[in-house]
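Subject: Structure handover

Hello,

Here is the structure I said I would pass on. Please open it alongside this message and follow along.

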Amino acid sequence: MILKNLFIEKCPKCKDMLVNKSNTLTAQVIKSCPKGHYEKEFHPALESYVEIYLT
Ligand SMILES: [Zn+2]
């Protein structure tokens, strides 16, 4: 379910698809709006996302 959500998430402001900025070296999973409105990062230790609104 988490993986599915990763790929369908859109920016809450402009509805653009989030761009994958995941860091393969650190295994961080980061998705962000291509226009810089919104970013979210999955924290495996917390088993949840940290959402960042950049507006
Ligand atoms: Zn946006």
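Below is what was found, starting with the overall fold and then going strand by strand.

Please note that this is a predicted model.

Overall fold

The protein chain holds one helix and four strands. Along the sequence the pattern reads α-β-β-β-β. The helix, H1, covers 2-8. Burial is limited to 9% of the 55 residues. Among contacts with a separation of 6 or more, 12% link residues 24 or more positions apart.

The sheet

The four strands make an open sheet, ordered E1-E2-E3-E4, with antiparallel pairing. Which strands stand at the edges? They are E1 and E4, the latter spanning 48-53. Each of these has a single partner strand, so one of its sides has no neighbour in the sheet. As background, sheet strands pair through backbone hydrogen bonds, in a parallel or antiparallel way.

E1 with E2

E1 takes in residues 19-20, and E2 takes in residues 29-32. Two bridges hold this antiparallel pair together. One residue to look at is Asn-20, whose bridge partner in E2 is Lys-31.

E2 with E3

E3 runs over residues 38-43. Four bridges connect E2 to E3, again antiparallel. Lys-31 turns up here too: Lys-40 of E3 stands opposite Lys-31. So much for the bridges; now the turn. Five residues lie between the strands in the hairpin of E2 and E3. Gly-36 in that hairpin has a positive phi near 85 degrees.

Val-29 also belongs to E2. Is Val-29 buried or partly exposed? Val-29 has 18 C-beta neighbours inside 10 Å, and burial needs 20 or more, so Val-29 counts as partly exposed. The C-alpha atom of Val-29 is 5.3 Å from that of Phe-42. Along the chain, Val-29 and Phe-42 are 13 residues apart.

E3 with E4

Six bridges pair E3 and E4, in the antiparallel sense. Two of the bridge partners are worth locating. His-43 is matched with Ser-48 in E4. Tyr-38 is matched with Tyr-53 in E4. How many of the six residues of E4 are buried? The count is zero, and E4 is hardly covered.

The hairpin of E3 and E4 has four residues between the strands. Glu-47 lies in this loop. Phi of Glu-47 is positive, near 55 degrees, and the residue is not a glycine. Why does Glu-47 count as exposed? Glu-47 has 8 other C-beta atoms within 10 Å, and the limit for exposed is 12 or fewer, so Glu-47 falls in that class.

The loop before E1

Lys-15 sits in the loop between helix H1 and E1. Phi of Lys-15 is positive as well, at about 70 degrees, although Lys-15 is not a glycine. Lys-15 is exposed, because the number of other C-beta atoms within 10 Å is 9.

Where to look

Start with Lys-31, which is the bridge partner of Asn-20 and stands opposite Lys-40. Move on to Val-29 and Phe-42, with C-alpha atoms separated by 5.3 Å. Then check the backbone at Lys-15, with phi of about 70 degrees, and at Glu-47, with phi near 55 degrees. Finish at E4, one of the edge strands, where the count of buried residues is zero.

Best wishes

Definitions and conventions
Residues numbered from 1 in each chain as written. Predicted model: local features only at pLDDT ≥ 70, side-chain atom pairs only at ≥ 80, totals over all residues. Pairing = 2+ DSSP bridges. Contact = placed C-beta atoms within 7 Å.
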